Amino acid sequence: MTLVNETYINKELIKKAKKDDVKLVFDRFEEQQPQCNFGLSGVCCKNCFQGPCRIMPGKSEKGICGANVDTIVARNLLRTAAAGATCHTDHAKKAVFALLKIAEGKTKAYEIKDEAKLRRFAKALGKKSTGPIKAVAKEVALEALEDFRRQQGIFHKTEGCYLNWLKVRATKERIETWKKLGILPVNSDSETSHALRQTTMGNDADPINILRSTLKMGLVDGYGGLNLATDIQDIIFGTPYLTKSESNLGVLKEDYVNIIVHGHVPPLSEKVVEWAKKLNNEAKKIGAKGINVVGMCCTGNELLMRRGIPFAGHVLQQELAIVTGLVDATVVDLQCIYPSLQDITSCYHTKLITTIDFVKIPGALHIKFDIEHADEAAKQIIDVALKAYPKRKKSKIYVPKEKTTVYAGFSVEAIIAALSKLNKKEPLKPLVDNIANGNILGVVGIVGCRNPKLRGLKFHENLTKILLKNNILVVGTGCWAHAAAQEGLMTPEATEKYAGPKLKAVLQAIGKANGLPALPPALHMGSCVDNGRIGTLLGAIADYMKVPIHKLPVAGSAPEYVTEKAVAIGTYFLTLGVAVHLNPVPPVTGSELVTKVLTEDLEKITGSKVLLGATPQAAADVIIAHIKKKRRELGLKV
Ligand code: NFS
Ligand code: SF4
């Protein structure tokens, strides 16, 4: 319980939760202590019903089937990465089907906002890129769909049979490396299901072979999931450009009908925003000033990036938002939705609405949402919120004060547009020149979740600040973006306050050319699926510098990761050749072999490795040392 008072997130609301007798994630975290060391080190296996088995050196060195610790740890890791990857490939598939339905005229609820991007992809895929836009959309959607149904190449290696989206998104050098490793994925769905059978009792016992498949999951995630999802979403909903908005729970408004949209896939939240505008007068009729839609978790990132909608909070704040007593409806799609939301909404007047057939919560209202009937569902959702508003209990309301300004919208296109103000012909030149001369020591992508395990460390915020001070540009996504914005790290003022002198000068120059005092030092590149944007940016820098990605002075960090998705994303960065700091320590320490492969040997295979550091300073130290090593190897000044 002491932990709850110590915590750094919306303190007053945490106190209020206690007063209202509401249990939060932090309380349940305490109840789970101490957590199991077998699980933490990855040595527990439940893959068959002779088990569960756990390995204890000197006592039980092998599972009942004879699997040793290396096999068990590697199998667990592959299952985790595969589960994470399926979340992103499902997300991408939903986007592709939406595009197909738009193309076939089966929905009128959506249109194609970025036609130029669609035509670029059609061209890259070798399809007709001119002519009626819907015909082009259909070709692109069908090519994308191939990545889920291609059969050729599954049983017998067939030249050129691998993900279309990898072909159009990855650098040539990487494709060659992956080809040599034999990890080019053929079909996202069959690769992830293959991971399940590979790890079942009595199948693969070779930890190296299993780890190779884990790397493949990184590619499935990166290209069959992240890049595909982002690209298709940009085509449908528009590519983000620089926008200014607000973050933290202070974006909830006392005199408005407040609707939180929470989850990950944009079709629902886009429609809720649209209909909230159209039905704004209905709110006035019931005494409110209007309807205020705000985003939570990655839905928050998506809406902020494309629409400038305020983003209310990260994964650890989804419960606290409801504790304000100000939220009339929380509507969710999928992923990172705590089942606890129903317990908590039932203590207030808030309506919890689920919308996806495989994300239901007992007690919540379910309004089925699909592309064809999106308008009807969105109207119904707003109606539920309007009906809940008059039931607010004054005595249960607390209006949070925390609110910060945020600049966001840094898609690769937006970054290039900003840089092109300095050099129209070669927009990457100013960035690359400053990396080469050491004004920018390196670039680090910080991504991923907020983990209650790391409580008072403020890992995201403090790691970002230390890197900035060392003239390292920070880009990132996901719940990091919420944390960084709430800490005030995504404004031009933050450049003045936190960037080292050399980085500051560069960001001021770019900012001035774009009508800002400075570019923010921490660039919001989007939701977690938008990690593909970071990969694309690195690929573009690598191509421009004519060096492979793994030689660049860059790194990644997921300093508070929670989900299986985050492991898949980390694996994607490792396949790209980017060293990734992971914290908490991944559950592999039970196997010396797996630990060594990830933290040492991988460098000889993909050019990357896992970095460890349990405090922001320790993490910054290993990341900076890595960046300096890469600079020295490139002959650049450190
Ligand atoms: Ni990413 Fe987004 Fe947050 Fe973690 Fe969950 S919201 S997809 S998984 S917790 S960063
Ligand atoms: Fe135990 Fe082997 Fe079954 Fe795993 S697969 S639970 S190690 S017997």
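Contact here means heavy atoms within 4.5 Å. I am working from a predicted model.

**Entry 1: Thr404**

I looked up Thr404 and its neighbours. Leaving aside residues up to four places away in sequence, Thr404 touches Ser245, Glu246, Ser247, Ala485, Gln486 and Gly488. I placed Thr404 in strand β10, which covers residues 404–408.

Next I asked which residue's side chain makes a polar contact with the side chain of Thr404. The partner is Ser247, at 2.7 Å. I also noted that the side chain of Thr404 reaches a backbone oxygen, that of Ala485, at 2.8 Å. Ser247 and Ala485 both appear in the list of residues that Thr404 touches.

**Entry 2: Asp221**

I turned to Asp221, which sits in helix α11, residues 207–237. Is Asp221 buried or exposed? I noted a relative accessible area of 0%. Buried means under 20%, so Asp221 is buried.

I then listed what Asp221 touches, again not counting residues up to four places away in sequence. The list is Gly84, Ala85, His88, Leu226, Ala568 and Ile569.

I also checked Asp221 against Lys453, which is 232 residues apart from Asp221 along the chain. Their C-alpha atoms are separated by 26 Å.

**Entry 3: the nickel atom**

I went to ligand 1 and its nickel atom, and asked which protein residue supplies a donor. The protein gives a single donor, the SG atom of Cys528, 2.2 Å away from the nickel atom. I found Cys528 in the loop between β13 (522–524) and α24 (531–545).

Why is the arrangement around the nickel atom irregular? I noted four donor atoms, which subtend angles of 92 to 160°. Four donors count as tetrahedral only if all angles lie between 85 and 135 degrees. The range runs up to 160°, so the arrangement is not tetrahedral, and it is put down as irregular.

**Entry 4: cavities**

Rolling a probe the size of a water molecule over the atoms shows where empty space is left. I asked how many cavities of 30 Å³ or more there are. The count comes to six.

The largest cavity has a volume of about 120 Å³. It is lined by 13 residues, and those closest to its centre are Ile415, Leu431, Leu473, Leu519 and Leu523.

I then asked which element gives the most to the lining of the largest cavity. It is α18, with three residues. At least two lining residues come from each of α18 (412–420), β12 (472–476) and α24. I had already met α24 at one end of the loop that holds Cys528.

Definitions and conventions. Residues are numbered from 1 along each chain as its sequence is written. Chains are lettered from A and ligands numbered from 1 in the order in which they are written. This is a predicted model: local features need pLDDT of at least 70, side-chain atom pairs count only at pLDDT 80 or more; totals for chains, interfaces and linings use all residues. Side-chain values use heavy atoms; hydrogens and water are left out. Helices (H or I, at least four residues) and strands (E, at least two) are DSSP runs, numbered from the N terminus. Buried means under 20% relative accessible area, exposed over 50%, partly exposed in between (1.4 Å probe, protein chains only). A polar contact is a pair of N or O atoms within 3.5 Å; within protein, one must be able to donate a hydrogen and the other to accept it, and residues adjacent in sequence count only if both atoms are side-chain atoms. Donors are N, O and S atoms within 2.8 Å of the metal (3.2 Å for Na, K and Ca); water is not among the atoms, so sites may look incomplete. Four donors count as tetrahedral if all angles lie between 85 and 135 degrees; four count as square planar and six as octahedral if opposite donors are over 155 degrees apart and all others between 65 and 115; anything else is irregular. On a 1 Å grid over the protein atoms alone, a cavity is a set of points where a 1.4 Å probe fits but cannot get out, and a pocket is an open set with protein on both sides within 12 Å along at least five of seven lines; lining residues have an atom within 4 Å of a point. Grid points are joined across faces, edges and corners, and a volume is the space filled by probe spheres set on the points.
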